[in-house]
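Please look over the sequence and the structure shown here before reading the notes on a loop and on enclosed space.

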Amino acid sequence: MSVSPHDPSINASRLHPALFQHADDGTPIPQESTAACRSNAFIDCGWGRLLYGPSFESPQVLAQALREEEPGKRDIALHVESPQLVLGEAPSHLFLDPSLIFRRPLGAMPEEAQAAGIVVRPLTTRADVAAINRLYSMRGMVPVEQQTVWRQRHSEAVQFIIAEDDRTGEIVGTAMGVDHVEAFGDAEGGCSLWCLAVDPQTGLSGAGQALVNYLIAHFTAKGRKFLDLSVLHDNEPAISLYRKLGFEQAIGFVVKNKNAINEKLFVESNDFGGLNPYAMIIINEARRRGISVEVIDAAAGIFKLRNAGHEFLCRESLTELTGGVAMTWCQDKVLTSRRLASVGLRVPKQIVAGDPAANAEFLQECGSVVVKPALGEQGKGISVDVRTEEHLAEAIARAAKEGGHVVIEEFCQGQDLRIVVIGYKVVAAAIRKPAEIVGDGTSTVAQLIERQSARRAAATGGESRIPVDGETERCLAAQGLDYDSVLDAGRAVAVRKTANLHTGGTIHDVTAELHPVLREVAETAARALRIPVVGLDFLVPSPDSDQYVIIEANERPGLANHEPQPTAQRFVDLLFPFTTAQA
């Protein structure tokens, strides 16, 4: 099906007249594309416009077209033939993107991608469009305007595709292809690949390769001659993948607008080097509002925010607004539990590890327990679902290495739910799932863990990795596995029982599903602990149930883990409420 000339995603008013016949009412009907290049051609991709540089009448016209970018969008001028002339027209507003163009000749169908458990298909439902935006959000990309993408679902000019987990039906990847012949009347017969995004939390391998190969096959079947893409010069993992798939660097330039979205590409930001994602998400939001930032200790994530005579010291999401008593309540899990129980909230039974006989008696009473350092964080030293006295002794010794006293707690079944409260209001909620690997029929468990750890680390700035330790071995052994085991293709195996991000866990937003009782309980807990910014850990049957126990309170929750919820925005609102209107 050809694109309607009335579709606002195509600048059809400038299409070559030879491309159309006319209906009885005089409406032009697009026909099969010819080699006639259209004048000043662009296409709306939902996240912004793709402008085809060779079609523009002059550098002045192209520069002016870029200047017409809509707020919140990211326009891209591709294959700009004289970028210096375009930049010269608006040097304060435009910049040369530090990206490389890669090209793959088409003509022979690609070899089938080896991606066990992945199905690639075009988008078919509105839920697919929402899933694309979820992936874009996870990757820090500009979201699409959903109506624009939905109108284009049958377009010959642009195609959005998705990669689906064949086992769960979850959408784990997406990409977009643009047919330059259909969109621009490209005489060279080209096409391009854009917005490749893979869920950094999936345990499946090969989704990116499968998406690229799908578009290669699709455009080869249409008779296109080459497939182009643009990739940042320092994105080595992506460049390595593209070279593997037959792409080679080509000559070409990309020009973009100087806007807040592109700022990191044209503004020097070395002052913030060494800060982790939890600090950077706050700093980026503050700078967007004109709040000054001074880094005090990058390694510790400590920085100062200042605006209009007001200033706050922050350690990531921990600020001077959190008092010493609140810190004491949150840092010691025994005190946390005692305080929350005192205001009528449900918490698991627990004791402080001590006499072996008392420890064993508590284990026998509960049947299964969790052992953890009372002062620990990030999932370190925790053992979950301990059922024997032998494993109990080992777990206590492991937790004691983290320092301080050790807590033995009743093991409660349920999903691990993190609720973030800012300003005593719930802002975000997410189910945290333990690290999982998916077999491919040939790789060992050790190899799968290594690959999944690399993906998680790359997606989280090194914050998330699967530990190779005694707790992982115990988890595997309970399933009859070890590091040398080879999993059948598609078999999913949890390799940890804790769901912490820092032990390889994944995070899935459920804010919209949160039961009102859980929302009220979280806000009550924050007020009881007298802490304005807190991450509360619940165990629940499901996020839409009113049943729960609270197991921990984190005084420094990672706000970067909860996109697309506005955690950083609400955090800065709390500190600088008078800047909210600028947000």
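The report below takes up two residues of one loop and then turns to the cavities.

## The loop between H1 and E5

The model is a predicted one. Lys73 lies in the loop that runs between helix H1 (59-67) and strand E5 (76-78), and Pro71 has its place in the loop between H1 and E5 as well. Lys73 has a relative accessibility of 13% and therefore counts as buried, being under the 20% cut-off, whereas Pro71, at 79% relative accessibility, counts as exposed, a class that begins over 50%.

## Contacts and spacing

When neighbours within four places in sequence are left aside, the residues in contact with Lys73 are Gly46, Trp47 and Gly48, together with Glu145, Asn259 and Ile261. Gly48 also serves as a reference point for Pro71, since the two residues are 23 apart along the chain and their C-alpha atoms are separated by 9.5 Å.

## Enclosed space

The count of cavities of 30 Å³ or more comes to 2, and the second largest cavity has a volume of about 50 Å³.

Its lining is made up of Pro122, Leu123, Gln152, Arg153, Val158, Gln159 and Phe160, and the element that gives the most to this lining is strand E9 (residues 158-165), with 3 residues. Sorted by class, the lining of the second largest cavity holds 4 nonpolar, 2 polar and 1 charged residues, where Arg is counted as charged and Gln as polar.

Note on methods
Residues are numbered from 1 along each chain as its sequence is written. This is a predicted model: local features need pLDDT of at least 70, side-chain atom pairs count only at pLDDT 80 or more; totals for chains, interfaces and linings use all residues. Side-chain values use heavy atoms; hydrogens and water are left out. Helices (H or I, at least four residues) and strands (E, at least two) are DSSP runs, numbered from the N terminus. Buried means under 20% relative accessible area, exposed over 50%, partly exposed in between (1.4 Å probe, protein chains only). Contact means heavy atoms within 4.5 Å. On a 1 Å grid over the protein atoms alone, a cavity is a set of points where a 1.4 Å probe fits but cannot get out, and a pocket is an open set with protein on both sides within 12 Å along at least five of seven lines; lining residues have an atom within 4 Å of a point. Grid points are joined across faces, edges and corners, and a volume is the space filled by probe spheres set on the points.
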